[in-house]
Every structure is written in structure tokens, then in C-alpha cells.
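Let's take a walk through this one, starting with the overall chain and then stopping at a few spots inside it. Keep the viewer open as you read.

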Amino acid sequence: MIALNKTIAYTKSWKHTIWIAVLLSLIVPLLLILLEPFDSSNDFSNKNLLLSGYAFCILVPIIILHPVENTFYQRQKNRWFVFSECIYILLTLLVILIGTFFYHFYFISGLANFNINMICGFVKSFGLPFTPIIVPLWVYLRSKYGIIEVPGLHDVALKDDKKIIIKGENKTETLALLESDFIYAHSQQNYVDIYYNTDDGVEELMFRFTLSNIMKQLPNAWQVHRSYLVNLDYLTTVEGNSRKRFMKISKIEEPIPISQKYYLALKTRLANSSQTLQN
């Protein structure tokens, strides 16, 4: 089962959003013109031109809703989750289907009146067959051109060093510490090992919980791999090559792996900093 609160890449830029919108908008008209499904082979005036109009029913909603998803993204502190992606895809798809229905109703069919049964029938006969074609490609492109941002190093340094309490699934599993003392967390199935700094050195405590639930309790920490959550204050270097990259953090000898998406974000963030980034 996919964790709905798992951090994923987000397509933030207008350039990539417009490119994705254009590509997706071309698919439906091309299929209608070339394959002629749903009896679209019937001749009518300006047939290909009118069928090409379906492109705008996909292009326009994706573009006009991009500022909305950007606002939602910022409110989540520049993080994007599986549930965020699901909500965005479903809502945008709904707008696309409604817009496509009205275009079909007024410009293709030329009807004067419509009712809810006609809308449901259109979605069933037209929307559902195209959804398995459009949505997987849509999700793939958003992932391909998406990024996972990391907080600015100056923002991390200036954050308030407040005391937090981390709680596990069992009531007896609690850990009170300053945010600055958290070093990193490593998950293994349903258990998470928390490493934190104390006056006596680095200590470790195991919680019966998922990494995503621990992440909710550490809003200023950052996920760099599906199994690792780190405090960037302790980051010293990022090393490795395109096949395998990892980071080193102070006080810990064990290197921490970095997924490719997170590496690209770290590379951009650290490019102008005093910290070391090796290729």
C-alpha cells in the first residue's frame, strides 16, 4: 500500500507545466482524428478543426490551476505528498471532464439543452476510456520534471531551537529533545531508529512507527531517501557518482544514501554554500 503522506517530486516550474499540458492536450485530438473511435468517423463541417478543440479542454485547466497547486505547495512548506498529487490529479481531471463535456455539447453536438444524465453518460463513454491513457502519462511526466526542494541552509540556521517530543506507536515510546539535537532517523519496515545528540555523545532510540509519521513530528528535518530523514545542520559532504550517492554528517560515521531526486535538490541548494559537494 502506498503511503499517502510520502514525500514526492513536485512540478513547480511554469515551463515544465506548460510543456506537460501541451503534450497531454495533443493526445486526445490525435486519437480522435487518427483512430476515429466513438463513431467520430461521421463527417461534419470542419471536422478535424473541431476535434482539435478538445486540446484546449485539457491545456487550459492544467495551466489555470497551476497557481492554485503552487499555493498549496507553499502552504505545505515546499513539500509535496502522494495525497497532494492525488487531490490535484482528481480535481484537475474533474475540471477537464466538465470542460470537455460542454465543448462537446455546444460545438460538436450542437444541442440546446442538457441534464445531469447526459453529463454522466458523457463521462462514462468518453472520459473513462481516455483516463487510463492520460493519467499514467500525466503522473509520469510530473514525476520526471518534478523536484524535491530542501530548505535553505540559512533558513535552517535561523530556525528557532525549540524543544520537541517524539512519540511512537506505543505510549511508552517518547523522546524529548531540542530540534537541533536531532541528527537523523533510519526506518526499517515498521521501526524507526532515532539518532540524537546528548552531552554524553550520540544516542539511539528505536520507535515502533513509520518514517512518514516521525517526519510529521520533525517539520524542519528533511527526507533524503525513502528510509532516511536528516537534520541538514549536520551535513558535511555529498559524495558518490550517478549510480550511487551518499551524504556524510558530523558525529556519525555511517554514510547516508541519497536518492537521485533528492541529490538534484541538494546539488542546487549547496552550489553556492560553503559546504562541500563532490561529483
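**From the whole chain to single residues**

Among contacts in the chain between residues at least 6 apart in sequence, 60% join residues at least 24 apart. Keep in mind that what you're looking at is a predicted model. The chain has nine helices and eleven strands. Of its 279 residues, 42% are buried. As for the surface, the chain exposes about 15800 Å², with carbon and sulfur atoms supplying 59% of that.

Let's go to the helices first, with α3 as the way in. Helix α3 covers residues 54-64, and its buried residues are Tyr54, Ala55, Cys57, Ile58, Leu59, Pro61 and Ile62. Which elements cover them? The cover includes α1 (14-34), α2 (47-52), α4 (66-75), α5 (82-109) and α6 (116-144). As a reminder about helix geometry, an α-helix has 3.6 residues a turn, so residues three or four places apart point the same way.

Now pick out Thr100, which is found in helix α5. Is Thr100 buried or exposed? Thr100 counts as buried because its relative accessible area is 5%, and the cut-off for buried is under 20%. So where does its side chain go? The side chain of Thr100 reaches the backbone oxygen of Ile96 at 2.6 Å. Leaving aside neighbours within four places in sequence, Thr100 is in contact with Tyr54, Cys57, Phe122 and Phe126. Two of those names should ring a bell: Tyr54 and Cys57 are among the buried residues of α3.

Next, the charges. Side chains of opposite charge can pair when their charged atoms come close. How many salt bridges does a search of the whole structure find? It finds four. One of them joins Arg142 and Glu85, whose closest N and O atoms are 2.7 Å apart. Arg142 lies in helix α6 and Glu85 in helix α5, so this pair ties together parts that are 57 residues apart in sequence. Both Arg142 and Glu85 are buried. The pair doesn't stand alone, either: Glu69, Glu85 and Arg142 are linked in a network of salt bridges.

Moving on to the strands, Glu169 forms a salt bridge with Arg208, with 3.2 Å between the closest N and O atoms. Glu169 sits in the loop between β1 (163-167) and β2 (174-178), while Arg208 belongs to strand β5 (residues 201-208), so here the bridge ties together parts that are 39 residues apart in sequence. Arg208 is partly exposed, at a relative accessible area of 29%.

Then there's Lys248 with Glu239, a salt bridge whose closest N and O atoms are 3.9 Å apart; the cut-off for a salt bridge is 4 Å. Lys248 is partly exposed, with a relative accessible area of 37%, whereas Glu239 is buried at 15%.

Glu239 comes up again when you look at Arg245, which lies in strand β9 (residues 245-249). Arg245 is buried yet has no salt bridge; Glu239 is the nearest side chain of opposite charge, and it is 11 Å away. What does the side chain of Arg245 join up with instead? A polar contact of 3.0 Å links it to the side chain of Gln260. Not counting residues up to four places away in sequence, Arg245 touches Glu239, Gly240, Ile256, Pro257, Ile258, Gln260 and Tyr263.

Time for some backbone angles. Most residues other than glycine have a negative phi, and most peptide bonds are trans. Gln189 has a positive phi, near 60 degrees, without being a glycine. Gln189 lies in the loop between β3 (182-188) and β4 (191-198), and it is exposed, with a relative accessible area of 77%. Lys251, also not a glycine, has a positive phi of about 75 degrees. Lys251 is placed in the loop between β9 and β10 (256-258) and counts as exposed at 52% relative accessibility.

Last stop: the cysteines. How many disulfides does the structure hold? Zero. Cys86 is partly exposed, with a relative accessible area of 36%, and Cys120 is partly exposed at 47%. Cys57, in α3, is buried.

Note on methods: Residues are numbered from 1 along each chain as its sequence is written. This is a predicted model: local features need pLDDT of at least 70, side-chain atom pairs count only at pLDDT 80 or more; totals for chains, interfaces and linings use all residues. Side-chain values use heavy atoms; hydrogens and water are left out. Helices (H or I, at least four residues) and strands (E, at least two) are DSSP runs, numbered from the N terminus. Buried means under 20% relative accessible area, exposed over 50%, partly exposed in between (1.4 Å probe, protein chains only). Lys and Arg count as positive and Asp and Glu as negative; His and the chain ends are not counted. A polar contact is a pair of N or O atoms within 3.5 Å; within protein, one must be able to donate a hydrogen and the other to accept it, and residues adjacent in sequence count only if both atoms are side-chain atoms. Contact means heavy atoms within 4.5 Å. A disulfide is a pair of cysteine sulfur atoms within 2.5 Å. Accessible areas come from the Shrake-Rupley method with a 1.4 Å probe; for residues, only the protein chains shown count as cover.
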